[in-house]
Every structure is written in C-alpha cells, then in structure tokens.
Amino acid sequence: MTADTLDLASRAADLDAADPLAAHRDRFVPSPGVVAYLDGNSLGRPLADTAERLARFVREEWGGGLIRGWTGDGPAGASSARPWMDWPGLVGDRIAAAALGAAPGQTVVADSTTVLLYKLARAAVDAQARDGRREIVLDTDNFPTDRYVLEGIAAERGCVLRWIEPDPAEGVTPEQVAAVVGPATGLVLFSHIAYRSGWLADAPAITRIVHDAGGLVLWDLCHSAGSVELELDAWGVDLAVGCTYKYLGGGPGSPAFGYVRRDLQDTLRQPIQGWMGRRDPFLMGPGYAPADGVRGVVSGTPPILAMVPLLSALDQLEVAGIAAVRAKSVALTEFALELVDAWLAPYGVEVASPRDPARRGGHVTIRRAGFRDLLPHLWERGVIPDFREPDGIRLGLAPLSTSFAELHAGLAVLRDLLAQGT
Ligand SMILES: *Cc1c(COP(=O)(O)O)cnc(C)c1O
C-alpha cells in the first residue's frame, strides 16, 4: 500500500470513530456478502425492528383486530389504538415533523409518488387556469415520471410546457427560473435534489421567484426527504411530494407523501374523487364533498400494511435528528469526493456532482466511458452502487446505514477494477 492509501484508510477509521450516528448502523438487517451498499438513495436498508413489527402487526392488529382496526375498536392491547383510517394523516404528520419542517395537518401518506404528483399538479393547474395561467414550467433533467406526468396534464388541460435546460452536472438555478416565469405561469415543478447530479436547488429563492410571478410551486422531495433539512412552512412552499422508500427507509413500494400548504387546502381540488377523501366516507352518500383539510388528497383505501416499516424508520429518524443526518451526509459525500480525486481521477473518472456541499444532496455521481460494463463486476465483489445512463455511477450514501469504512472499501474495489483494466 502507498502512504496515500494508508492515510485514507485511517481517515475513514477516524471519521467512523467520531461519528455520532455510528450506533444506528447496527440496527439494520445484515446483508451477507455486501461489502458496500452505495444505493441507499434508491432503496433504504431494512431495520431489524421492522421484521418484528410486521409480525406483531399481522398477529395483533390484523389478526386480533380484524375489520375493527379501521376504526381503532380492536380488543384492548391488540391495536396500537390509532384507527387505520387516520394513518394517512398521522404518519404524514410524523414525516412532516421529522423531515419536512412542516406543521401538522398538511401532509398525508397515500398512493405512489407518480400518482400524487399527478393529483397535486392537476389540482394546481386547474386552479391557476381559472385565472388564465396556462403555462407549466419544468426542466429537461427532471426524473422521467415528473416529466411524463406533466406532459400528460398539459395534453389533457391544454397547457403550454416551458422547459428549462439545466447544466447536467448541476441543476436548475434561480436565474433560470426568473427568466421563464411571468403572468402566464400556472405551475412550476422541480426536484429539490436532482436525481442524477445530486444538485440541491435553492428552494426558498425559487419559491419566492415563482410566487412573485403569481405561480404555484410543487417540489419533488424524493431525494431530499430524510437526507437534507427542509423548511417547507418557512419557505412558503405550496405543494410537495416525495417517496418514502429512499432515505426514509419505508421499504420497496412504500407509499408516497404529499404536502399541501394549509391555506391552499380549501381552494385546490385534486381530480381523483374517491370515497376515502370524502367527508364522512362511511355514510356512502350521494355526490362527492371533499373532507376538510389535507385529507381530501386521499382517494382510496390507505395502504396500511405498507406503512408499517415506515413507523420503525421514523422512530429511528426522530432519535437521530435530521440535522445530524445532514451533517453526516455532507461528511460522507466530502469523503467520497476525496477518494474519487485520489484514486479514480487518474483513470479518467470525472465528478458529475456539485463540489460545493451547500449545493449538493446525499449522493455523488461519477462518470467514465465504460462504467456500464463495470457494474456487474462491482456487484460480483459485493459493491452495489447505482448506474445512470449513459455512463454515470451514482454513489448514494444513506447516512444512518453507511459507514466511512464501507465507502472506502467500496471505492477501493472500483479503483482496483480500473487498475486491472476491467
Ligand atoms: C424515485 C423518484 C420517483 C419515484 O416515483 P414512484 O411513483 O415512486 O415510482 C419520482 N420522482 C423522483 C425525482 C424520484 O427520484
């Protein structure tokens, strides 16, 4: 080993020794054969507590309470005593407090991110169209589902799409937004953290610019929630949607969350008028009348079972605190850049993420021709990053489950493969 390599190994050990969140790693289910899991931004790892909690839920709440679980009337002790009917708002409020910087009563858990994006975007577009505002602002680098949903809404409602083209290694800037918004702006939708580059958009500044032009803004928080500190209420955000299976650790296919600022809840109407978002759903009455508040965002039966793992993950996040999570996230991505510069840059690997930690989210993307062919070799050696077309490897560093030594070990394998000319 060179002195440089020894130095980086001891740096990793020092960083782990000083990490106040280190103990949280032991709470996850072990993954045999995995040297480095560098994809916690796509699918968080399960907590050991989740397995027990799911079994208990099946035994006591589902098996013991049966249909009574919906109203919280199960046998004493069998239920966590909160009616399943109320879970969309109860779990939504916990996400809001732990991760979103939002007061209660503005967040629900429901549907998938894609479906919630559609529902909230359509609600905003319809409200704005009444004032003659028919333009939707979006960017070419946004996650495909966001672009497709807006293209569909534009076709459905006769809106004009105004595309921003961001720098692919960065993301949307306030200046770019200021240049396209105006009296015709209805809705503006961006990802707060770009799924490719990891660019952390200036959400408060962009929200202000959109509001000054009379538009509404919808933030996609898929890569932000549970990773960076958010202040939705303080920033005056109108609408937000995010998934819970990435940094929030809710498990494969766990439902999404949606945020609607309190003072918009009476005016915005989402298009899927289902019985579970109706006032007094069990009256089964004629005609649709939305429930008060954010509950009206819900359409059908809440995915109760799919929220159970999220409860364990939220327990953990509430103890850790999002500020400490973000601090470790910055330290992890800084260390990743240090390793890339020392070990991989000599092989022509480029960093396609912001260098400024204030503008960088929880992942780092690196690029090199031929990275696609390298991926199976990494997986074979127990190193699991993410790949993004055309030639990007994304290092997703979930702070609660990733150690500095793990990151070091994973990138050492990548370095060795490059050295062998694989
Ligand atoms: C992961 C992700 C989604 C996922 O949408 P689903 O409906 O859960 O498949 C949407 N938007 C962004 C920005 C994402 O990163």
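Biologist: By class, how many nonpolar, polar and charged residues does the shell around the ligand have?

Modeller: The model is predicted, and local features need pLDDT of at least 70, side-chain atom pairs count only at pLDDT 80 or more, and totals for chains, interfaces and linings use all residues. Residues are numbered from 1 along each chain as its sequence is written, and side-chain values use heavy atoms, without hydrogens and water. Ala, Val, Leu, Ile, Met, Phe, Trp, Tyr, Cys and Pro count as nonpolar, Asp, Glu, Lys and Arg as charged, and the others, Gly among them, as polar. By these classes the shell has 3 nonpolar, 6 polar and 3 charged residues.

Biologist: Which residue has a side-chain N or O atom 3.1 Å from an oxygen atom of the ligand?

Modeller: The residues around the ligand (a heavy atom within 4 Å) include Asp-146, Asp-220 and His-223. Polar contacts here are pairs of N or O atoms within 3.5 Å. Polar side-chain atoms of Asp-146 and Asp-220 lie 3.2 Å and 2.9 Å, respectively, from a nitrogen atom of the ligand. The oxygen atom of the ligand is 3.1 Å from the side chain of His-223.

Biologist: How much of the ligand's accessible area does the protein cover?

Modeller: Accessible areas come from the Shrake-Rupley method with a 1.4 Å probe. On its own the ligand has 390 Å², and the protein covers 86%.

Biologist: Which elements give two or more residues to the shell around the ligand?

Modeller: Helices (H or I, at least four residues) and strands (E, at least two) are DSSP runs, numbered from the N terminus. Two or more shell residues come from helix 4 (113–129) and helix 5 (144–157).

Biologist: How much area do domain 1 and domain 2 bury between them?

Modeller: An automatic or database assignment gives domain 1 (3–48 + 321–419) and domain 2 (82–319). Buried area is the accessible area (1.4 Å probe) that two parts lose on being put together, summed over both. Of the area between these domains, 56% is on carbon and sulfur atoms, and the total is about 2,400 Å².

Biologist: Which residue does a cis peptide bond join to Glu-389?

Modeller: Omega is about 0 degrees at this bond. The partner lies in the loop between strand 12 (386–388) and strand 13 (392–396), and is Pro-390.

Terms used:
Polar contact = N/O pair within 3.5 Å; in protein donor to acceptor, adjacent residues only side chain to side chain.
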